[in-house]
Amino acid sequence: MIHFLRNFKRSEDGAVTVDWVVLCAAIVGLAIAVITAMQTGALTLTGNVGDFFDTTFFQGE
């Protein structure tokens, strides 16, 4: 059992996996933040365009 624990302590095979998991989680988090920001901006822009058309072209109706 002591031999197994010493080998486990010296082994660095799992460190690469942890690095990749952290890197992938950061990329996914960044992508979600970008998508949320773009969605908010797009919805605001759509509302502004709709208001412009309503006030400019449909005043008499």
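## Exercises on a two-helix chain

Ring pairs link Phe 52, Phe 53 and Phe 57 into a cluster. The model is predicted, so local features need pLDDT of at least 70 and side-chain atom pairs count only at pLDDT 80 or more, while totals for chains, interfaces and linings use all residues. Residues are numbered from 1 along each chain as its sequence is written, and side-chain values use heavy atoms, with hydrogens and water left out.

**Exercise 1. Describe the overall form of the chain.**

Step 1: The chain has two helices and zero strands, where helices (H or I, at least four residues) and strands (E, at least two) are DSSP runs numbered from the N terminus.

Step 2: The radius of gyration, taken over C-alpha atoms, is 27 Å, well over the 10 Å that the globule rule gives for 61 residues, so the chain is more spread out than a compact globule. That rule is 2.2 Å times the number of residues to the power 0.38.

Step 3: Along the principal axes, the C-alpha atoms fill a box of roughly 85 × 15 × 5 Å.

Step 4: Thr 44, which lies in helix H2, is 42 residues from Ile 2 in sequence and 63 Å from Ile 2 in space, C-alpha to C-alpha.

**Exercise 2. Work out how much of the chain is buried.**

Step 1: Buried means under 20% relative accessible area, exposed over 50%, and partly exposed in between (1.4 Å probe, protein chains only).

Step 2: Of the 61 residues, 0% count as buried.

Step 3: The chain exposes about 5,800 Å², of which carbon and sulfur atoms supply 71%; accessible areas come from the Shrake-Rupley method with a 1.4 Å probe, and for residues only the protein chains shown count as cover.

**Exercise 3. Characterise the ring pairs that involve Phe 53.**

Step 1: A search of the whole structure finds three aromatic pairs, a pair being rings of Phe, Tyr and Trp (its six-membered ring) whose centres lie within 6.5 Å, with planes under 30 degrees apart counted as stacked, over 60 as edge-to-face and the rest as tilted.

Step 2: Phe 52 and Phe 53 form a tilted pair, 5.9 Å centre to centre with 50° between the planes.

Step 3: Phe 53 and Phe 57 are also paired in a tilted way, at 5.5 Å centre to centre and 45° between the planes. Because Phe 53 and Phe 57 are four residues apart in helix H2, about one helical turn separates them.

Step 4: Phe 53 is partly exposed, with a relative accessible area of 39%, and Phe 52 is partly exposed at 48%, whereas Phe 57 counts as exposed at 55% relative accessibility.
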